[in-house]
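The following exercises concern the packing and the ligand surroundings of a predicted model. Each task is followed by a worked solution.

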Amino acid sequence: MMNSNSEAALIKVFVQGDNGVGKTSLINQYVNKRINSRYILTIGADYASRKLQIDDKLVCLQIWDTPGHESCQSLGKGFYKGADCCVLVYDVSVMKSFESLKTWHLDFLQQLDPAEPEAFPFIVVGNKVDVDRGQSRVVTEESAREWCKWNGMLHFETSAKYDINLDEAFFCVAQEAIKFAAVKSDQDSVRGWESESESESESGSESEQSE
Ligand SMILES: Nc1nc2c(ncn2[C@@H]2O[C@H](COP(=O)(O)OP(=O)(O)OP(=O)(O)O)[C@@H](O)[C@H]2O)c(=O)[nH]1
Ligand SMILES: [Mg+2]
């Protein structure tokens, strides 16, 4: 669906979390409707884009995949500039990946250094709910919700493998990013409206290596 003047607002989203939690898979499933069952460690940074309609706005989500492994994390401060939202991912069957969210959260804020850190939107995603039909789960939905509530974050549980709850989570990402951009005092994030003529269903992916 397109809005009347075919313009899409660009929303810059970063996906963070421990290695192997499924960041790359979430993005690939959401944008390209497929995932790689083999684990290929992300070493650089890449983005994929997908357009969606939020109320009367057409937005283009530019979703940045980042490496979870410490040895690959040298993206630098400038990399996060202009971020509108951050998705923090953990694996519901790996407690350490949930416990690491605190560090990912603080590190991200430190790197971005936003004018109003409390207002910056984070969406927490507990991925891999399908594993062993939930028998391997160690992070309960209640404890994750409690932590998110305490930190003022929204929470979703997903399966990148079976495309469960991804549309809902990324729709929320877009909504929160729009809200944040509207209240943000410095206008850094709203980088204008770019003219686009693609429809929502033609959303594709692009990739770009970071330096
Ligand atoms: N069962 C199941 N497997 C998943 C799911 N999401 C990802 N995987 C698998 O988990 C492994 C790691 O997924 P990735 O998406 O590469 O993880 P990542 O967070 O990008 O890892 P790094 O790039 O190293 O930070 C792959 O083998 C995926 O196929 C899921 O929802 N369910
Ligand atoms: Mg990856």
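**Exercise 1.** Determine which residues of the largest nonpolar core touch the most other members, and which elements supply this core.

*Solution.* Begin with the membership: the largest nonpolar core holds 45 residues, and Val-13, Val-87 and Val-173 touch the most other members. Next, assign the core to elements. At least two residues each come from the strands β1 (7-16), β2 (46-54), β3 (57-65), β4 (85-91) and β5 (122-127), and likewise from the helices α1 (23-32), α3 (101-112) and α5 (166-183). Finally, examine Val-13. Leaving aside residues up to four places away in sequence, its contacts include Val-87 and Val-173, as well as Leu-61, Ile-63, Trp-64 and Ala-177.

**Exercise 2.** Establish why α1 is described as largely enclosed by the rest of the structure.

*Solution.* First, apply the criterion: a residue is buried if 20 or more other C-beta atoms lie within 10 Å of its own. The residues of α1 that are buried are Lys-23, Thr-24, Ser-25, Leu-26, Ile-27, Gln-29, Tyr-30 and Val-31. Since eight of the 10 residues of α1 are buried, the helix is largely enclosed. The cover over these buried residues includes β1, β2, β3, β4, β5 and α5. Just after α1, Lys-33 adopts a positive phi of about 60°.

**Exercise 3.** Characterise the shell around ligand 1 by its closest residues, its main contributing element and its residue classes.

*Solution.* Ligand 1 is surrounded by 25 residues, the closest being Gly-22, Thr-24, Ser-25, Thr-42 and Gly-68. By element, α1 gives the most, namely three residues. By class, the shell comprises 12 polar, eight nonpolar and five charged residues.

Notes:
Residues are numbered from 1 along each chain as its sequence is written. Chains are lettered from A and ligands numbered from 1 in the order in which they are written. This is a predicted model: local features need pLDDT of at least 70, side-chain atom pairs count only at pLDDT 80 or more; totals for chains, interfaces and linings use all residues. A nonpolar core is a set of buried Ala, Val, Leu, Ile, Met, Phe, Trp, Tyr and Cys residues joined through C-beta atoms within 7 Å. A residue is buried if 20 or more other C-beta atoms lie within 10 Å of its own, exposed if 12 or fewer, and partly exposed in between; C-beta atoms are placed from the backbone. Helices (H or I, at least four residues) and strands (E, at least two) are DSSP runs, numbered from the N terminus. Two residues are in contact if their C-beta atoms, placed from the backbone, lie within 7 Å. A residue is near a molecule or strand if its C-beta atom, placed from the backbone, lies within 6 Å of it. Ala, Val, Leu, Ile, Met, Phe, Trp, Tyr, Cys and Pro count as nonpolar, Asp, Glu, Lys and Arg as charged, and the others, Gly among them, as polar.
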